[in-house]
Amino acid sequence: MREFQGIRQMDKALIKISDSMKKIEDLVRSEIKTQEDYMLVCSALMAVTRNMYIEALGPVDTSKIFQTVAESFGLQEEVL
């Protein structure tokens, strides 16, 4: 029974992530009017993300997350 509950919680989390991503991407794209806006809006999104991670996890764990994300870009490059 616990496994089933764990799966249901994971499904709910994945749905929440997916729904949030769609809403946020739609909002962010609506703010982009020029090519210059693209990077400015992305910078704002990055700053908001950083601030929210700091609020939720603190600066040390946030730093670890951002480091892992940065490292994943290199790994993705190697795969491609």
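So, D37: you'll find this residue in helix α2. Keep in mind that we're looking at a predicted model. What is odd about D37? Well, D37 is buried and yet has no salt bridge. The nearest side chain of opposite charge belongs to K33, and that one is 6.7 Å away. A salt bridge needs the nitrogen within 4 Å of the carboxyl oxygen, so K33 doesn't make the cut. If we skip residues up to four places away in sequence, D37 touches E31 and I32.

Okay, on to charges that do pair up. How many salt bridges does the structure hold? There are 3. Let's start in helix α1, which covers residues 2–30. Here K22 and D26 meet, N to O, at 3.0 Å. Also in helix α1, R29 pairs with E25, with their closest N and O atoms 2.9 Å apart. R29 and E25 sit about one helical turn from each other, because they are 4 residues apart in that helix. Both are partly exposed: R29 at 46% relative accessible area, E25 at 40%.

Then hop over to helix α3, where D61 and K64 lie 3 residues apart. Their salt bridge comes in at 4.0 Å. D61 is partly exposed at 36%, and K64 is too, at 49%.

Last thing: rings. The structure holds 1 aromatic pair. Y53 and F66 have ring centres 6.2 Å apart and planes at 80°, so we call the pair edge-to-face. This pair links distant parts of the chain, with Y53 in helix α2 and F66 in helix α3. Y53 is partly exposed at 33%, and F66 also counts as partly exposed, at 26%.

Definitions and conventions:
Residues are numbered from 1 along each chain as its sequence is written. This is a predicted model: local features need pLDDT of at least 70, side-chain atom pairs count only at pLDDT 80 or more; totals for chains, interfaces and linings use all residues. Side-chain values use heavy atoms; hydrogens and water are left out. Rings of Phe, Tyr and Trp (its six-membered ring) pair if their centres lie within 6.5 Å; planes under 30 degrees apart count as stacked, over 60 as edge-to-face and the rest as tilted. Helices (H or I, at least four residues) and strands (E, at least two) are DSSP runs, numbered from the N terminus. Buried means under 20% relative accessible area, exposed over 50%, partly exposed in between (1.4 Å probe, protein chains only). Lys and Arg count as positive and Asp and Glu as negative; His and the chain ends are not counted. Contact means heavy atoms within 4.5 Å.
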